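Reader: I would like to go through the charged side chains here and hear the reasoning behind each label. Please set the values against the cut-offs.

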Amino acid sequence: MSAQDEPATITAYPDGPLLVRGAVELRDDDGAPIEQRRRTVALCRCGLSTIKPFCDGTHKAAGFRTDA
């Protein structure tokens with residue numbers, strides 16, 4: 001099975017990012033594609049990342065907490 005055929009999954013990491021695995025197409029607010037350099041990407045949920053939409057680990061220092 002190639003990466004293109006791999007079903008997409010999204011996993012909420014406790015107190016952290018959303019981990020996205022598989023064949024997905026990410027787009028920005030204007031609908032333009034966002035280059036995805038890895039098969040698994042971490043998307044920011046805390047809103048503090050300097051590389052949005054991707055996670056840079058800022059949630060740890062900020063004390064970000066989630067229910068899920």
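Reader: What makes Arg-65 count as exposed?

Author: In this predicted model, Arg-65 has a relative accessibility of 61%. Exposed means over 50%, so the label applies to Arg-65.

Reader: Why is the contact between Arg-65 and Asp-15 called a salt bridge?

Author: The N to O distance between the two side chains is 4.0 Å. The rule asks for a Lys or Arg side-chain nitrogen within 4 Å of a carboxyl oxygen of Asp or Glu, so the pair is counted. Arg-65 lies in the segment after helix H1 (58-62), and Asp-15 sits in the loop between strand S1 (9-12) and strand S2 (18-21), so the salt bridge ties together parts that are 50 residues apart in sequence.

Reader: Why is Asp-15 called partly exposed?

Author: Its relative accessible area is 26%. Buried needs under 20% and exposed needs over 50%, so Asp-15 falls in between.

Reader: How do you know that Arg-27 and Glu-25 meet in a salt bridge?

Author: Their N to O distance is 2.3 Å, which is within 4 Å, so the rule is met. Arg-27, at 46%, counts as partly exposed, while Glu-25, at 55%, counts as exposed.

Reader: What makes Glu-35 and Arg-37 a salt bridge?

Author: The N to O distance is 3.6 Å, again within 4 Å, so this pair qualifies. Glu-35 has 58% relative accessibility and Arg-37 has 72%. Each value is over 50%, so both residues are exposed.

Reader: How many salt bridges does the rule give?

Author: The count comes to three.

Definitions and conventions. Residues numbered from 1 in each chain as written. Predicted model: local features only at pLDDT ≥ 70, side-chain atom pairs only at ≥ 80, totals over all residues. Heavy atoms only, no water. Helix = DSSP H or I, 4+ residues; strand = E, 2+ residues; numbered from the N terminus. Buried < 20%, exposed > 50% of the residue type's maximum accessible area, 1.4 Å probe, protein only.
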